[in-house]
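Okay, hi everyone, thanks for having me. Have a look at the picture on the screen while I talk you through it.

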Protein chains: 2
Amino acid sequence: MESSSATRGGSTRREATRQKLYEAAVTLIAEQGFSATTVDEIAERAGVAKGTVYYNFASKSVLFEELLRHGVGLLTASLREAAERTARDGGTKVDALDAMIRAGLVFIERYPAFTQLYVAELWRTNRAWQSTLMVVRQQAVAVVEGVLHEGVAAGEFSAEIDVPLTASALVGMVLVAALDWQSFQPERSLDDVHAALSRLLQGRVSGRSGS
Amino acid sequence: MESSSATRGGSTRREATRQKLYEAAVTLIAEQGFSATTVDEIAERAGVAKGTVYYNFASKSVLFEELLRHGVGLLTASLREAAERTARDGGTKVDALDAMIRAGLVFIERYPAFTQLYVAELWRTNRAWQSTLMVVRQQAVAVVEGVLHEGVAAGEFSAEIDVPLTASALVGMVLVAALDWQSFQPERSLDDVHAALSRLLQGRVSGRSGS
DNA sequence: GTTTTTGCACTGACCAGTCAGTTCAATTAC
DNA sequence: GTAATTGAACTGACTGGTCAGTGCAAAAAC
């Protein structure tokens, strides 16, 4: 009767089911919102019985909360990796920001539904998962702020910039541009979008340089 | 249309009731989302009977849709006014963008709940008011795009910029920075936030020193 | 006297969460 | 080998509650 969780470190079956539920939930909630999405819908899209949802998650809210944590975790890791890679390669801090913009675009291209859902919840108040959201948001933004701080310390950026606000603005720039890209011109290439945002980042908008 | 105080598309009394309902709905929906907000709540917060809601609006969705139209209409008018005022005063296109950034901040400071709710709905699909949202969104973004186009035509901006994408990015920059401002540092002054965004717009981030 | 609002009871659809029962892969017994 | 046993994973009908929208007579506002 020993804990025969013989199937190495947590059953694979269960993990697969949870993954299917995440994938089903993310699209439905992105399209319709949390409250308008029913557990029955999620179960059906995942090809699973309703009871299975409750076997795997304590409630609809908990499912959503874990989904948020999981998704933002991926983004944060990706941003951090981009910043570190740039630093290792001896790039400037502007290069690091540029690499993070690209990492953001790659993420959004890959998980557009998650991004959409995240934005829709981010500034809400009075919701069960508010505090969770706060924590993961800060982890992601902190990566951007870190690069800005280092840039100021190294004299690459003006000492007068407002780090948190500039970080927010940069995040917003990428977020909205990318969501519009996915919604209205999904056929455009990532490189194309990235180039346009790079230009903006480096202040090469004003000042002519016609083709 | 006559502009007598009593006539403005209907009786004043009715208009006042509708206004109260808008105000009640906007806060509740911003906090909780559309589906999680009940008609009973809206009526109660507006200090009005439930029947009155249905006397004034065909349905909950229609109330929300008209709310969206109304709110974005205010924003669009404000952006347009800012652009035109700058043009009249002989400002550059960068000045016009800067004035529009300020107009955006003023709007968000005044109607934070509306902004929040708007962002939450903007990239959703499969919702009843999707097409309405599309139209009003485009009206607002078109104002920014117009200024960018004029700037390119006048040689003030590089001919290589991607106008729609740059417009999206600028909107995103202001939107996210302002929402974060309102959520996390509401005590900061608008001028302060505006200054930080102006700096970013004019590419005065990289490059050391300041004014 | 017409328009607007109120108050409130009512309905029918919908939905989160429950639970008694089933499936199945792995383990143990023979 | 194969039969019996175990327990985690899964199922889906069911329940208790919620909510959008209705109907209407009476009051208030204009």
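Let's start with this: what rotation superposes chain B on chain A? A turn of 180 degrees, with 0.1 Å of shift along its axis, puts chain B on chain A with an RMSD of 0.2 Å. That fit is a least-squares one on the C-alpha atoms of residues with pLDDT of at least 70 in both copies. The two copies are thus related as by a two-fold rotation axis. And the same surface serves both of them, as 98% of the contact residues of chain B recur in chain A.

A quick word on ground rules. This is a predicted model, where local features need pLDDT of at least 70, side-chain atom pairs count only at pLDDT 80 or more, and totals for chains, interfaces and linings use all residues. Residues are numbered from 1 along each chain as its sequence is written, chains are lettered from A and ligands numbered from 1 in the order in which they are written, and side-chain values use heavy atoms, leaving out hydrogens and water.

So what does one chain look like? Chain A has 9 helices and 0 strands, where helices (H or I, at least four residues) and strands (E, at least two) are DSSP runs numbered from the N terminus. Its C-alpha atoms fill a box of roughly 70 × 40 × 35 Å, taken along the principal axes.

Now, the place where the chains meet. Here 53 residues of chain B are in contact with 52 residues of chain A, contact being heavy atoms within 4.5 Å. About 4,800 Å² is buried between them, with carbon and sulfur atoms giving 59%; that's the accessible area (1.4 Å probe) that two parts lose on being put together, summed over both. On the chain B side, B:Trp123, B:Arg124 and B:Leu165 lose the most area to chain A, together 16% of what that side buries.

How many salt bridges link the chains? There are 4 between chain B and chain A, each being a side-chain nitrogen of Lys or Arg within 4 Å of a carboxyl oxygen of Asp or Glu. B:Arg188 forms a salt bridge with A:Asp162, their closest N and O atoms sitting 2.5 Å apart. As for helices, α8(B) gives the largest share of the side of chain B that touches chain A, 12 residues.

Last stop, the DNA. Strand D has 18 residues around it, and the closest are A:Thr17, A:Ala49, A:Thr52, A:Tyr55 and B:Lys50; "near" here takes one heavy atom of a residue within 4 Å. Which part of the strand comes within 4 Å of the protein? Sugar and phosphate account for 75% of those atoms of DNA strand D.

Zooming in on the phosphates, a backbone N or O atom of A:Ala49 lies 2.7 Å from a phosphate oxygen of strand D. From the other chain, B:Tyr54 has a side-chain N or O atom 2.9 Å from a phosphate oxygen of that strand. A:Asn56 has a polar side-chain atom 3.4 Å from one. And which helix gives the largest share of the surface near DNA strand D? That's α3(A), with 4 residues.

That's my tour, so over to you!

Note on methods. A polar contact is a pair of N or O atoms within 3.5 Å; within protein, one must be able to donate a hydrogen and the other to accept it, and residues adjacent in sequence count only if both atoms are side-chain atoms.
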